[in-house]
Amino acid sequence: MDSTSTIPPLPLWQALLYFGLPALLFRIFLYNVTPALVRLGASPFQANIVTFTVPAAILFALAFAFYQRDGNELSWPAIRRRFRLLPMTGKDWLWAVGGLLLTFLSIGALSPTALLLIDSIPAIAPPDFFPPWLRPGVPLDTALFSSFIGQPLQGNWSVAVLFFVMLFFNIAGEELWWRGYLLPRQEQVHGRRTWLIHGLLWWLWHLAFYPWQVVALLPICLALPYIAQRRQNTWVALVIHLQNAIILLVILAMVLGRI
């Protein structure tokens, strides 16, 4: 079967499951499995790498499993068409760079709201075993400079490699599942307003484990699906999602002794 011939529609009730079950999966791994691994003897670094990587890798695998379940061919041309991994045009790059800038500006401007929310609702504060850069108010030098979740950085290439693996599945797993697989199916039901419904569901997915970022995440959770749907190209969303890689750049600089 040609992968572009039929894309099964995804009704809202089913989309709620496809967003809700991964939200539960990430919540369990980040909040329950992390401290459990530490109690079993893993270092905080090892525990965080495992619990941030495994659920994202599951999303990555699910994207291809559901793709094949729909009757699509396991060939690169078919995968590229169905997941909209299309060549980037000049306009695609403009939208991608614009989305990347919007991500930095909106998160930077709205991040202080997390501290206000935590002060008002202490129950939504991130747990102490979360990586420091995810905990509002932790200075960058405490979060990254010289060490990373308790691991020394200078010359420590294993930290950089493991963080790259985690980052790969974080970005590729999310984008192939959300924008590559689900978004085209939702378009069969919701048409031009798909980006809004998809974006709100993606926002709620984040809030299952980052509730203190309820304000800061909303603009990017709406903007990225809007751009992906407008350009009909998942590579654009992947490029925008690379904003998560800024921490990897700092880690590499520290490993190389440049900072």
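Arginine 179 is buried, and glutamate 175 is buried too. The two form a salt bridge, with 2.8 Å between the closest N and O atoms. Both sit in helix 7 (residues 157-190), 4 residues apart, or about one turn of the helix. Keep in mind that this is a predicted model.

That pair belongs to a set: the structure holds 4 salt bridges. Here are three of the pairs, including the one above.

| Salt bridge | Closest N to O |
|---|---|
| Arginine 179 and glutamate 175 | 2.8 Å |
| Arginine 231 and aspartate 92 | 2.7 Å |
| Arginine 69 and aspartate 70 | 3.4 Å |

Take arginine 231 and aspartate 92, whose side chains meet in a salt bridge. This one ties together distant parts of the chain, 139 residues apart, with arginine 231 in helix 9 (residues 218-231) and aspartate 92 in helix 4 (residues 90-110). Aspartate 92 is buried at 3% relative accessible area, while arginine 231 counts as partly exposed at 22%.

As for aspartate 70 and arginine 69, aspartate 70 is buried, at 17% relative accessible area, and arginine 69 is partly exposed, at 49%.

Now the whole fold. The protein has 11 helices and 2 strands, running α-α-α-α-α-α-β-β-α-α-α-α-α along the sequence. Its radius of gyration is 19 Å, close to the 18 Å from the globule rule for 259 residues, so the protein is as compact as a globular protein of that length. Of those 259 residues, 48% count as buried. Among contacts between residues at least 6 apart in sequence, 75% join residues at least 24 apart.

On the outside, the accessible surface comes to about 12300 Å², with 70% of that belonging to carbon and sulfur atoms.

Note on methods:
Residues are numbered from 1 along each chain as its sequence is written. This is a predicted model: local features need pLDDT of at least 70, side-chain atom pairs count only at pLDDT 80 or more; totals for chains, interfaces and linings use all residues. Side-chain values use heavy atoms; hydrogens and water are left out. The radius of gyration is taken over C-alpha atoms; the globule rule is 2.2 Å times the number of residues to the power 0.38. Buried means under 20% relative accessible area, exposed over 50%, partly exposed in between (1.4 Å probe, protein chains only). Contact means heavy atoms within 4.5 Å. Accessible areas come from the Shrake-Rupley method with a 1.4 Å probe; for residues, only the protein chains shown count as cover.
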